[in-house]
Number of protein chains: 2
Amino acid sequence: MQYVDMSDEELKAQLDAVKAEYDAYKAKGLDLNMARGKPAPDQLNLSLDMLTIVNENTDFATAAEIDVRNYGGLTGLADARKLMGHIMGGISADNVIVLGQSSLTIMYDLIAHAMTHGIMGSAPWCKLDKVKFLCPSPGYDRHFSICEHFGIEMIVVPMHEDGPDMDMVEQLVSSDSSIKGIWCVPQYSNPQGFVYSDETVERFSKLAPAASDFRIFWDNAYAVHHLVEDHPTVANLKDACDRNGNPDIFYMFASTSKVTFAGAGIAAVASSDANVANMKKFMFYSMIGPDKINQLRHVLYFKDQGSVEAHMRKQAQLIRPKFKAVLDALDQNLDGLGVGTWTKPMGGYFITYDTIPGCAKRVVELAGEAGVKMTGAGAMYPYKNDPDDKSIRIAPTYPSLEDISMAAQIFTVCVRLASIEKILADRA
Amino acid sequence: MQYVDMSDEELKAQLDAVKAEYDAYKAKGLDLNMARGKPAPDQLNLSLDMLTIVNENTDFATAAEIDVRNYGGLTGLADARKLMGHIMGGISADNVIVLGQSSLTIMYDLIAHAMTHGIMGSAPWCKLDKVKFLCPSPGYDRHFSICEHFGIEMIVVPMHEDGPDMDMVEQLVSSDSSIKGIWCVPQYSNPQGFVYSDETVERFSKLAPAASDFRIFWDNAYAVHHLVEDHPTVANLKDACDRNGNPDIFYMFASTSKVTFAGAGIAAVASSDANVANMKKFMFYSMIGPDKINQLRHVLYFKDQGSVEAHMRKQAQLIRPKFKAVLDALDQNLDGLGVGTWTKPMGGYFITYDTIPGCAKRVVELAGEAGVKMTGAGAMYPYKNDPDDKSIRIAPTYPSLEDISMAAQIFTVCVRLASIEKILADRA
């Protein structure tokens with residue numbers, strides 16, 4: 001029976017039972033964490049062989065087109081561009097630039113550049129009265145904090161299972177020239193794990209923005225991060241944009257942070273010929289070249305066809321049981337109670353739990369008090385403001401299977417407790 | 001006898017002889033290069049052991065304060081901050097941030113940040129009518145191109161053997177609030193190899209800028225790059241600034257690009273507590289953390305006291321003969337002719353040759369036609385404009401000893417040829 005269908009009396013009995021359960025967990029003095037979208041140590045162990053693949057026996061004169069130990073190679077090694085083009089779903093190496101170890105830094109730098117110099121001849125954004133970005137939400141907090149840092153106004157766009165609300169995106173982008181960008185995580189969106197449908201990609205590629213310097217920031221962070229064999233794959237945005245006469249409208253990003261080492265992988269941006277030529281020009285001012293030794297490590301480690309996919313299957317074997325533990329706990333403890341809904345991603349790093357409106361903060365608070373740290377409620381919305389106070393991001397990867405199982409159990413108790421409290425309070 | 005003291009007839013006879021020498025070299029169809037401030041392959045070989053020092057046997061739970069293979073550690077590993085503080089001449093690890101592989105990128109990012117956000121509450125530089133930087137010249141072209149990129153007006157300050165003209169620096173900095181910075185390479189200045197005197201450092205630390213957001217950009221790129229044992233060492237600017245009540249006036253930079261691997265080392269910025277706290281705050285928006293695996297490589301490789309210095313002595317053994325070959329050629333072929341002067345650095349990567357006024361471009365042109373590529377004349381001045389057309393940067397490190405010896409010989413022939421041409425033209 002759903003909680004809302006229970007009488008006050010029944011509900012109060014439930015409250016007492018759930019509270020007892022909660023207090024028992026609380027008494028354990030646990031220290032668990034479901035907040036961090038980080039690989040677990042066993043995932044990092046998968047790539048240990050890469051650490052020594054470039055070594056004193058490497059023939060640096062022939063290993064790449066330049067000696068990777070020396071300056072130069074502004075846009076990255078050819079083979080690294082090829083590798084990242086493959087990871088991004090089949091982009092030609094000529095349209096890829098491989099830089100350092102953080103795709104977030106590339107995104108930040110592109111926006112910083114647009115602030116001071118505009119994009120391809122447009123007015124510098126810092127000279128404009130207003131610059132706005134569309135923010136499909138819930139989304140990735142680090143995207144939103146870049147906007148906040150630069151004073152870019154964020155407009156929330158609802159997320160659906162097939163991607164952002166495209167009616168709203170099309171209407172806004174075509175009518176408001178102060179809208180300069182949109183954040184997208186197309187494959188296993190952060191935090192819901194949704195995959196943009198082919199139709200969504202097609203509609204993105206056909207956008208007719210009022211601003212010539214509007215760009216889609218297509219953060220394909222989880223491009224190859226599948227948990228199951230039979231998964232959907234996001235369509236190739238570049239192909240669609242080329243086909244629809246809109247080649248310059250996007251920047252695409254990816255990194256190997258969650259493939260090899262988090263924060264010590266390689267990161268890339270891909271776009272049209274014109275955007276790439278433009279980026280090369282201004283990248284010159286900020287660097288001599290990226291760390292090509294680390295690029296060579298990745299190139300040698302993934303040199304055989306299919307080796308990225310084989311590697312990601314090993315990652316999935318480690319992550320899948322943790323996702324299952326969380327989803328099982330939600331199914332077993334919350335199904336049928338009418339206390340919320342949750343996503344069942346086929347890849348990526350997160351599950352989103354939506355409480356009944358007005359409960360997310362309370363759930364996170366209760367979990368924290370019982371020793372389970374969660375991502376702050378609201379963090380996945382611009383200005384940390386979840387209007388319905390309902391979205392909670394669950395990150396299953398980092399804790400051990402035992403810890404995540406326990407944390408998920410406790411989480412479900414917190415959801416039940418907060419939901420009953422809320423229903424009773426609404427009735428009073 | 002100096003060329004200027006020769007009769008027209010004597011000089012023309014010299015011209016014929018030098019021209020014959022020049023043509024003989026030209027006929028060889030050589031392909032030599034004295035343009036690149038890059039380590040030679042044998043220098044890079046010195047650090048090969050570092051490549052595998054972090055490996056599958058590393059205990060990542062204890063090797064540093066966090067697992068270097070995972071996210072986090074925004075300001076760098078504690079031991080890496082200690083190492084770079086040591087290289088920068090004794091800066092406390094708390095005042096050091098270690099980032100990626102390029103100090104140029106850190107400088108660029110600091111200026112980009114000041115453009116959009118100002119420094120510690122000052123007006124964003126992009127909102128000001130005019131922003132100016134002082135540019136001791138000749139200097140490093142990449143410093144100047146950052147200014148050019150951001151539309152920062154560059155004011156040339158003459159360089160002396162003990163540093164920039166401090167009378168001019170003091171006068172300008174204290175009287176013009178649009179002057180926001182000055183570029184300095186204090187230890188073995190690029191391209192002259194001068195070392196700032198203790199008095200110069202003291203005067204820098206006592207500057208009383210009209211602009212509260214004025215900063216000294218102290219690029220200590222060659223801090224430990226000595227060629228001889230008995231060398232001068234630049235004084236600790238941070239200590240001087242602290243002592244003189246001017247703690248926030250500087251940013252200090254260094255990297256291991258010319259210690260270990262060029263473009264694959266680690267880079268750092270150091271400053272006051274307040275500047276470091278401020279940097280941490282805005283760095284957050286652009287990254288999760290730097291590549292800590294590469295930081296750990298450096299930490300383990302240089303873990304013993306004095307190991308950096310021992311390593312740099314090995315570097316010096318490889319570089320010193322090349323500097324000697326160039327200086328010997330200049331001494332033997334140009335001394336007494338009155339065709340210019342040159343520096344005799346005790347470290348760093350460059351020698352500067354000053355022709356008689358109006359000859360630098362012609363020398364570089366002649367060298368190029370004879371198969372010896374040089375840094376473009378003027379490149380060491382803001383806007384590539386050497387007002388006297390006299391400075392030429394010689395980079396001895398990258399070519400083999402044989403090649404640099406040959407290139408230096410040819411260079412001296414070009415200097416003689418251009419000088420005679422100029423003297424004769426002036427007489428006509």
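1. Start with helix α12 of chain A, residues 360–369. In this predicted model, α12 lies across β11 and β13 of chain A, and its direction makes an angle of about 40° with β13(A).

2. Now the sheet under discussion. β10, β11 and β13 of chain A form an open sheet of 3 strands, in the order β10-β11-β13, with antiparallel pairing. At the edges you'll find β10 (340–342) and β13 (391–394), each of which pairs on one side only. From one strand to the next, the twist averages 20°.

3. A closer look at one pairing in chain A: β11 (residues 351–355) and β13(A) run antiparallel and are joined by 4 bridges. If you want a spot to click on, try A:Asp354, which stands opposite A:Ser391 of β13(A).

4. Over in chain B, β11 (residues 351–355) is likewise joined to β13(B) by 4 bridges, and the two run antiparallel. Here a handy pair to look up is B:Thr352 and, opposite it in β13(B), B:Arg393.

5. Are the residues of β13 in chain B buried or exposed? Both faces of this strand (residues 391–394) are covered. B:Ser391 and B:Arg393 sit on one side, B:Ile392 and B:Ile394 sit on the other, and all are buried. Note that B:Arg393, the partner of B:Thr352, is among the buried ones.

6. Next, a helix pair in chain A. Packed helices are described by the angle between their axes and the distance between the axes. For α1 (residues 8–27) and α13 (residues 401–427) of chain A, the axes come within 9 Å and cross at roughly 145°. The crossing is left-handed. On the α1(A) side, the contact residues include A:Leu11, A:Leu15, A:Val18, A:Tyr22 and A:Tyr25; on the α13(A) side, they include A:Ile410, A:Val413, A:Leu417, A:Ile420 and A:Leu424. Charged residues take part too, among them A:Asp8, A:Lys19 and A:Glu21 from α1(A), plus A:Arg416 and A:Arg427 from α13(A). By class, that contact has 12 nonpolar, 1 polar and 5 charged residues.

7. Last, the place where the chains meet. How many residues of chain B are in contact with chain A? There are 42 of them, touching 42 residues of chain A. On the chain B side, α2 (41–45), α4 (103–117), α5 (141–149) and α10 (292–301) each supply at least two residues. The largest share, 6 residues, comes from α4(B). Sorted by class, the side of chain B that touches chain A has 22 nonpolar, 13 polar and 7 charged residues.

Note on methods
Residues numbered from 1 in each chain as written. Chains lettered and ligands numbered in written order. Predicted model: local features only at pLDDT ≥ 70, side-chain atom pairs only at ≥ 80, totals over all residues. Axes fitted to C-alpha atoms, helices over the stretch in contact; angles between N-to-C directions. Left-handed = near helix turned anticlockwise from the far one by under 90°. Contact = placed C-beta atoms within 7 Å. Nonpolar A, V, L, I, M, F, W, Y, C, P; charged D, E, K, R; others polar. Pairing = 2+ DSSP bridges. Buried ≥ 20, exposed ≤ 12 C-beta atoms within 10 Å, placed from the backbone.
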